[in-house]
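The following exercises are to be worked through with the sequence and the model at hand. Each task is followed by a solution in steps.

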Amino acid sequence: MKFSKENFIYEFTRNQATNEEIHENILEGMNVHGANFIILICAIIIASVGLNMNSTAVIIGAMLISPLMGSIIGIGYGVGTYNLKLLKEAFKILTISVFISIITSTLYFSITPITTAGSEILARTSPTIWDVIIAFVGGIAGMVGLTRNKISNVIPGVAIATALMPPLCTAGYGLATKNYHIFLGAGYLFFINCFFIITSTFIVTKALNLPARTNLDDEKQHKVKRIILITAVIVMIPSVFSALNMIQETIDESNLDAFINAELKDQYVIEKSINTKNNTITLALIGEKISRNKFKTLENNLHNYGFEDMDLIIKQDEGSISDIEKYISDIKNQNNTFIKDNNVSNKSGDIKEDINVQEISKEIKVIYPQIKEVYSGYVTSDTNSSKEVPVLILYTNDETLTESIHTIENWFKARTKEDRVKVYVQMISTEKESKVDNKYKKEGINKELNQ
């Protein structure tokens, strides 16, 4: 079929409902009274639980049953048809819905025992230009779906894509925890979604030539369009800056990975951070010790990876576990496996088969009876998931054990059949030994290694 403007208009409008049917569809979507407000409250509670528990499936379910979309599209349609009565009603319904949603979510987050902001909550606090695009395109899809003469599942899909419900719940979390940065970020995201759904609905309404309910002269119509355009630009500006920051962070992360892979081939980076405020890059390493000359070379080479004004900070273990312990503890809660010798019976399924903690523990304690506790596992490189370091952590009250650390490393290499391993010796005082042993037996691997 040959493409032409006429063919496009025909295909776009051939299954369009009548003007009155479209009007009725809009009014039906705005029907948020009585039982629908109860549904809204239930949806808010479900979404809040989903955010609280970091459950994407639960959040999606809440968005599917949320009735928020109807009043937002009603506002765009009311502006497009200059229907002041419908416009006021849609604003009223949306305002009440927002108020109920924020109050409900605030109450929930005020009583829930889990107050930590998970990734699902934090993801709703920094709107970007991509949120603008999603809201705008989603609004177009929603309005086009409402103007067809057949029942469509577009609106539920738009509700999920534009995610109207989670930002309101996140705003409630911000109020409940008195974290007003989260409240403002989530509120701005919700405002972006609403505004650009309204804008795209207005555009579709005008494109379909839906009749105006109130006659306005051309000058007033142009004034309305100018107001919408100017407001759209103003609303987008913060999101553009946020998107630029996100892009820069992604570029910096990529450049830092390139730096690590090229300049620190014999090292395992288990923690990395870029602090743009202090202009510092911090790396925590396991591996061959970095000499002073090597450090200067690394610092000078930073500019080759886009870090001209950044200072390099390297945290490297030198035989004491105290500095590196924090990073191992953090990694244990991610993708790495780390278990203790006396917890093998209920944790053996979590460790790689080529490290048998129970056998290693027995063997090393026979060779060195002064060893009290043994931890063994893998630490995965932060920049290369294929690189893994077998790690052995020994607790003792005998300082002479540190003199044998190289011998133990060689034994551990042979035992694990790995070229690169790391052995740590942690000293425990005699008077604390009993308390430490009891603590480990009670807590096992689910707790940090800190005394």
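Patches are made of residues with over 30% relative accessible area and no salt bridge, where like charges are joined within 9 Å and nonpolar side chains (Val, Leu, Ile, Met, Phe, Trp, Tyr) within 5 Å. Accessible areas come from the Shrake-Rupley method with a 1.4 Å probe, and for residues only the protein chains shown count as cover. A salt bridge is a side-chain nitrogen of Lys or Arg within 4 Å of a carboxyl oxygen of Asp or Glu.

The model is predicted: local features need pLDDT of at least 70 and side-chain atom pairs count only at pLDDT 80 or more, while totals for chains, interfaces and linings use all residues. Residues are numbered from 1 along each chain as its sequence is written, and side-chain values use heavy atoms, with hydrogens and water left out.

**Exercise 1. The nonpolar patch**

Determine which residues make the nonpolar surface patch and which elements give two or more residues to it.

Solution.
- Step 1. The patch covers about 1100 Å² and is made by Trp130, Ile133, Val137, Leu229, Val233, Ile237, Val240, Phe241, Leu244, Met246, Ile247 and Ile251.
- Step 2. Two elements, α8 (129–146) and α12 (218–263), each give two or more residues to this patch. Helices (H or I, at least four residues) and strands (E, at least two) are DSSP runs, numbered from the N terminus.
- Step 3. Helix α12 supplies the largest share, 9 residues.
- Step 4. Leu244 is situated in helix α12. Its relative accessible area of 49% makes Leu244 partly exposed; buried means under 20%, exposed over 50%, and partly exposed in between (1.4 Å probe, protein chains only).

**Exercise 2. The salt bridges**

State how many salt bridges the structure holds, and establish which residues are joined into one network.

Solution.
- Step 1. The number of salt bridges is 3.
- Step 2. In one of them, Lys272 pairs with Glu253, with 3.5 Å between the closest N and O atoms. Because Lys272 lies in strand β1 (residues 267–275) and Glu253 in helix α12, this pair ties together parts that are 19 residues apart in sequence.
- Step 3. Lys272 also meets Asp257 in a salt bridge, at 2.3 Å from N to O. Asp257 belongs to helix α12 and Lys272 to strand β1, so parts 15 residues apart in sequence are tied together.
- Step 4. Lys272 is buried, at 17% relative accessible area. Glu253 is partly exposed at 34%, and Asp257 is partly exposed at 23%.
- Step 5. Arg415 forms a salt bridge with Glu363, the closest N and O atoms being 3.0 Å apart. Since Arg415 lies in helix α17 (residues 405–416) and Glu363 in helix α16 (residues 357–367), the pair ties together parts that are 52 residues apart in sequence.
- Step 6. Arg415, at 23% relative accessibility, is partly exposed, and Glu363, at 30%, is partly exposed.
- Step 7. Through shared partners, salt bridges join Glu253, Asp257 and Lys272 into one network.

**Exercise 3. Strand β6 and its partner**

Explain why strand β6 is regarded as largely enclosed, and identify the strand to which β6 is joined by 6 bridges.

Solution.
- Step 1. Of the 9 residues of strand β6 (residues 388–396), 8 are buried, so the strand is largely enclosed by the rest of the structure.
- Step 2. Strand β6 is joined by 6 bridges to strand β7 (residues 422–427), and the two run parallel. Two strands pair if DSSP finds at least two bridges between them.
- Step 3. Thr396 has Met427 in β7 as its bridge partner.
- Step 4. A right-handed β-α-β unit is made by β6, α17 and β7. A crossover is right-handed if, with the strands pointing away from the viewer, the path from the first strand over the helix to the second runs clockwise.

**Exercise 4. Positive phi values**

Locate Lys178 and Asn209, and report the phi and accessibility of each.

Solution.
- Step 1. Most residues other than glycine have a negative phi.
- Step 2. Lys178, which is not a glycine, has a positive phi of about 60°. Lys178 is placed in the loop between α10 (165–176) and α11 (180–207) and is exposed, at 61% relative accessibility.
- Step 3. Asn209 has a positive phi near 55°. Asn209 lies in the loop between α11 and α12 and is exposed, with a relative accessible area of 64%.
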